[in-house]
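Visitor: I'm new to this one and would rather see one part properly than everything in passing. Please choose a single part, give me a close look at it, and show me how it fits with the rest.

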Amino acid sequence: MKAIELNSRTDKKGYLKIKYPLEKSEKNVRILILVDEDNNETEEEELWLKAISQNPAFDFLKDESEDIYSLNDGEPFND
């Protein structure tokens, strides 16, 4: 198997455009895309957590009968 590494950018709409001739037509290919991590992931995670915390689908968790565990349950995990 041959690996090819390309550097590219996405456009304003988030589309990736690749101009790289493989010189092989009508062949199956696999594409692996690795995206550099950035600080926006923290913001996205906070937004996601806020959204699910306000979602009425999880309102049942506010019921005291759902609190079946306490700090005294289980054993400490020391890694």
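**A close look at the segment before the helix**

Guide: Let's start with the whole thing: in this predicted model, 0% of the 79 residues of the protein count as buried. To count as buried, a residue has to be under 20% relative accessible area.

The secondary structure is quick to list, with 1 helix and 0 strands. The radius of gyration is 23 Å, well over the 12 Å that the globule rule gives for 79 residues, so the protein is more spread out than a compact globule. Put a box around the C-alpha atoms along the principal axes and you get roughly 65 × 35 × 25 Å. The accessible surface adds up to about 9400 Å², and carbon and sulfur atoms hold 49% of that.

Now for your close look, which is at the segment before helix H1, a helix that spans 40-53. Begin at Glu23, which sits in that segment. What is its phi, given that it is not a glycine? Glu23 has a positive phi of about 60 degrees. Here's the background: most residues other than glycine have a negative phi. Glu23 is also out in the open: its relative accessible area is 77%, and the mark for exposed is over 50%, so it counts as exposed.

Move along to Glu26, also placed in the segment before H1. Its phi is near 55 degrees, again a positive value in a residue other than glycine. Is Glu26 buried or exposed? With a relative accessible area of 82%, Glu26 is exposed.

Further on comes Val35, another resident of the segment before helix H1. Val35 counts as exposed because its relative accessibility is 69%, and over 50% is what exposed takes. If you'd like to place Val35 against another residue, try Gly14: the two are 21 residues apart in sequence, and their C-alpha atoms are 12 Å apart in space.

Next, the empty space. Rolling a probe the size of a water molecule over the atoms shows where such space is left. The largest pocket has a volume of about 1400 Å³. Its lining takes in 28 residues, and Ile4, Glu5, Leu6, Ile31 and Leu32 lie nearest its centre. Sorted by class, that lining has 15 nonpolar, 5 polar and 8 charged residues.

One last stop, for contrast with the part we've been touring. Side chains of opposite charge can pair when their charged atoms come close. How many salt bridges does a search of the whole structure find? The search turns up 1. Asp59 and Lys62 form a salt bridge, with their closest N and O atoms 3.3 Å apart. Asp59 is partly exposed, at 37% relative accessibility, while Lys62 counts as exposed, at 63%.

Terms used: Residues numbered from 1 in each chain as written. Predicted model: local features only at pLDDT ≥ 70, side-chain atom pairs only at ≥ 80, totals over all residues. Heavy atoms only, no water. 1 Å grid on protein atoms, 1.4 Å probe; cavity = no way out; pocket = protein on both sides within 12 Å on 5 of 7 lines; lining within 4 Å. Points joined across faces, edges and corners; volume = space filled by probe spheres on them. Nonpolar A, V, L, I, M, F, W, Y, C, P; charged D, E, K, R; others polar. Helix = DSSP H or I, 4+ residues; strand = E, 2+ residues; numbered from the N terminus. Buried < 20%, exposed > 50% of the residue type's maximum accessible area, 1.4 Å probe, protein only. Rg over C-alpha atoms; globule rule 2.2 N^0.38 Å. Areas by Shrake-Rupley, 256 points an atom, 1.4 Å probe, with all protein chains shown as cover. Salt bridge = Lys/Arg side-chain N within 4 Å of Asp/Glu carboxyl O.
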